[in-house]
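Work through these exercises with the model open. Each task is followed by a stepwise solution.

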Amino acid sequence: MYLQSLRRHMNDHIHIIRPPLFLACAIAMFTANAAATTYYEAPALAHDVKAGKLPSVSQRLPEKPEILSTDSIGHYGGVIRAALRGSGDADAVLRMINPQGLVRWKKDFSAVEPNVAESWTLSPDAKEYTFTLRKGMRWSDGEPFDADDILFAMNDLFANSQFFPIPPDRYTADGKLAEVEKIGQYKVKFKFSKPYLTFIEQLATPLGQAAVMYPKHYCEKFHPKYNAKLDDELKTTGLRDWVALMGSKCGSVDAASRWGNPDKPTLDPWVIADPYSASSIHVTLTRNPYFWQVDAAGNQLPYIDSIYFDVISNVDTILLTALSGQLDLQILHISSIRNKSVLAEGAAKGGYKLMSLQDMNATAIAVFINQSTQNEKLRPLFRDKNFRIALSLAMDRKEINDLVFLGQGEPWQIGPARASKFYNEKLAKQYTQYDLKEANALLDKLGLTQRDSDGFRLYPSGGRVAMNVIVNLANSYQIDMLELLRKQYAKAGLDLLVQPAESKLYYKRGNNNDYDLSVDSLPGGYGTELTPRGYLALNTVESRQSLPWVRWRETGGKQGEEPPESMKKRIVLYDEWKDAKTEQEADPLFRQILAIAADDLEVLGTVRPPPQIGIRSTKLMNTYDNMVWGYAYAAPGPSLLQQYYYAK
């Protein structure tokens with residue numbers, strides 16, 4: 001549960017072992033904040049102070065701003081250039097800016113530390129978390145940030161069934177949203193109905209920021225509880241209701257709309273200047289004059305003036321832009337191991353350094369077998385384990401590894417990495433050998449003996465056994481893998497129809513249950529407990545072994561489709577795991593979940609992922625090149641770009 005033994009044997013041979021984060025007794029974590037006697041600011045901000053446009057820097061900072069420990073004291077100025085892929089790439093912005101949640105990961109992913117919250121305590125029964133906020137902290141428009149902002153998010157948005165039909169899972173225990181009590185202007189208590197040991201770690205993930213991203217003084221204008229004239233606002237915008245208006249104006253953690261409204265205040269180091277929209281050719285964020293961190297010399301952060309994103313539709317063009325030296329920091333869209341040699345060759349000319357990021361995922365590409373597919377002929381086959389075994393045996397993972405990952409991976413299913421305390425040999429390695437003869441024998445035993453003139457198998461009732469597979473068009477390496485898999489499955493007489501789609505359509509088809517197979521990378525190599533969507537039908541978007549199963553659980557059986565007994569047993573174990581008060585109680589329960597998942601073989605893996613590739617300008621200082629790669633960590637954000645600066 002505590003993500004121990006992470007990132008062993010990283011490429012730089014640094015061994016990092018994470019200590020336990022939680023104890024059964026009350027704990028507190030603090031960041032040293034020895035207040036500087038004098039604070040300094042960027043020249044442009046000093047000019048605005050002199051002109052009377054801004055209060056002094058000491059008035060803009062909290063009473064005790066967080067002092068970041070940096071490798072070196074930087075200086076102000078410069079722009080970090082990066083690239084987005086089209087209009088549906090909000091995650092790339094999120095990763096660069098880094099979610100400013102109550103807590104954050106340490107740069108080395110070894111523990112969680114305070115962030116927006118100055119400290120926290122945990123009750124002995126693991127049900128109550130009390131957060132002390134930073135006194136005098138302000139939103140980017142200068143308005144105070146305090147407990148009322150958190151209560152607004154929790155009580156007026158998350159608890160509102162119109163805005164959130166299902167409350168955010170990370171803020172719930174036993175399906176019940178946490179109660180939030182205001183203890184003072186700068187102190188709040190989250191009270192859960194059951195123990196919730198991993199709450200702090202969930203808050204450190206990108207989606208954990210939600211409780212502190214809705215400034216009440218701004219967002220209440222779009223809420224019917226606080227604005228009696230909301231209908232007038234709706235008429236001017238043309239939006240259908242207050243929910244759409246709130247989404248448009250205040251966004252959500254991972255939506256593009258979050259970066260589309262320059263008027264919305266934020267706690268981020270940079271604020272939107274040129275917004276992100278469907279027609280954007282670039283997106284710009286500029287320094288937040290009220291940002292709440294300083295360096296050891298009292299310089300208000302960030303050092304960098306702005307972040308500039310080029311919006312580029314084609315991933316090959318992004319790679320060429322990087323090679324030409326026009327990007328200062330880029331990981332997404334160029335991270336494929338296949339780009340390593342060409343990026344290495346162009347490093348000196350492009351003025352960048354190659355980064356190698358240890359991949360946290362369990363498998364580079366997972367194949368989700370949709371057991372609730374709308375294809376009535378295919379559904380009973382998908383629900384037969386022997387058919388799933390045949391799909392696995394007909395997959396030539398060595399060929400996939402050699403051609404897609406340049407031999408840098410390892411044939412693997414979906415189990416945690418060997419260094420993880422949750423390593424399960426069966427879940428990692430079963431049926432990973434290529435055995436076309438056995439695959440064909442299993443398919444024959446299932447009655448799929450007849451073939452058409454092209455050699456594809458036929459259902460006993462007639463019609464070709466064909467499976468559509470959806471894939472995000474942005475992930476070219478996944479498309480390449482599927483082209484190999486299409487040829488491999490054809491040898492077993494199975495027709496694989498590869499259907500790439502832009503991100504929005506990809507997720508829409510998933511949400512509509514309009515697919516047979518779906519591919520994506522799968523978290524869980526490290527930090528297995530944070531995102532167990534490959535082992536449990538929990539995630540309303542990503543647990544694509546059956547999203548109707550997820551819906552059934554979320555609605556208490558009123559909607560969706562009842563899952564089989566093995567999945568229901570895992571869900572019970574998961575609830576018991578969440579209720580555990582200690583690591584000793586929790587870990588055996590999670591191991592049982594993984595063992596059952598191994599028995600059922602619902603999701604197929606391909607290979608253990610090789611390191612991801614990224615680049616950074618050789619002139620950028622205070623960088624951190626030993627990052628891990630995965631959504632829970634969301635690199636490069638946790639390396640804290642606000643303390644990057646350019647060498648003169």
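**Exercise 1.** Does E66 count as buried or exposed? Place E66 in the fold and find its side-chain partner.

*Solution.* The model is predicted.
- Step 1: locate the residue. E66 sits in strand β2, residues 66–67.
- Step 2: read the accessibility. The relative value for E66 is 1%.
- Step 3: apply the cut-off. Buried means under 20%, so E66 is buried at its 1%.
- Step 4: look for a partner. The E66 side chain forms a polar contact with the side chain of Q293, at 3.0 Å.

**Exercise 2.** At what angle do the axes of α18 and α19 cross? Classify the crossing and give its hand.

*Solution.*
- Step 1: define the pair. Helix α18 covers residues 547–554, and helix α19 covers residues 565–579.
- Step 2: take the geometry. Their axes come within 12 Å and cross at roughly 50°.
- Step 3: classify. That angle makes α18 oblique to α19.
- Step 4: assign the hand. The crossing of α18 past α19 is right-handed.

**Exercise 3.** Which residues form the contact between α18 and α19? Sort the contact by class.

*Solution.*
- Step 1: list the α18 side. W549, W552 and R553 take part.
- Step 2: list the α19 side. Their partners are M567, K568, I571, Y574 and D575.
- Step 3: sort. The contact of α18 with α19 has five nonpolar and three charged residues, and no polar ones.

**Exercise 4.** Which residues of α18 are buried, and what do they pack against? Then examine what flanks the helix.

*Solution.*
- Step 1: pick out the buried residues. In α18 they are L547, P548, W549 and V550.
- Step 2: find the packing partners. The buried residues of α18 pack against α17 (503–511) and α19.
- Step 3: check the N-terminal end. S546 caps α18 there. A side-chain oxygen of S546 lies 3.2 Å from the backbone nitrogen of W549.
- Step 4: check what follows. After α18 comes G556, with a positive phi near 65°.

**Exercise 5.** What are the phi values of L601 and N622? Give the setting of each residue.

*Solution.*
- Step 1: recall the background. Most residues other than glycine have a negative phi.
- Step 2: take L601. Its phi is positive, about 50°, although L601 is not a glycine. L601 lies in the loop between α20 (583–600) and β23 (603–604). At 2% relative accessibility, L601 is buried.
- Step 3: take N622. Its phi is also positive, near 60°. N622 lies in the loop between β26 (620–621) and β27. N622 counts as buried, at 5% relative accessibility.

**Exercise 6.** Where are the cis peptide bonds that precede P302 and P636? Name the loop that holds each proline.

*Solution.*
- Step 1: recall the background. Most peptide bonds are trans.
- Step 2: take P302. The bond joining L301 and P302 is cis, with omega about 5°. P302 belongs to the loop between β14 (293–294) and β15 (306–311).
- Step 3: take P636. The bond from A635 to P636 is cis, with omega near 10°. P636 belongs to the loop between β27 (628–629) and β28 (645–646).

**Exercise 7.** How many residues separate A347 from A322 in sequence, and what is their C-alpha distance?

*Solution.*
- Step 1: place A347. It lies in helix α10, residues 340–350.
- Step 2: check exposure. A347 counts as buried at 16% relative accessibility.
- Step 3: compare the separations. A347 and A322 are 25 residues apart in sequence, and their C-alpha atoms are 9.3 Å apart.

Notes:
Residues numbered from 1 in each chain as written. Predicted model: local features only at pLDDT ≥ 70, side-chain atom pairs only at ≥ 80, totals over all residues. Heavy atoms only, no water. Axes fitted to C-alpha atoms, helices over the stretch in contact; angles between N-to-C directions. Helix = DSSP H or I, 4+ residues; strand = E, 2+ residues; numbered from the N terminus. Parallel < 35°, antiparallel > 145°, perpendicular 65-115°, else oblique. Left-handed = near helix turned anticlockwise from the far one by under 90°. Contact = heavy atoms within 4.5 Å. Nonpolar A, V, L, I, M, F, W, Y, C, P; charged D, E, K, R; others polar. Buried < 20%, exposed > 50% of the residue type's maximum accessible area, 1.4 Å probe, protein only. Polar contact = N/O pair within 3.5 Å; in protein donor to acceptor, adjacent residues only side chain to side chain.
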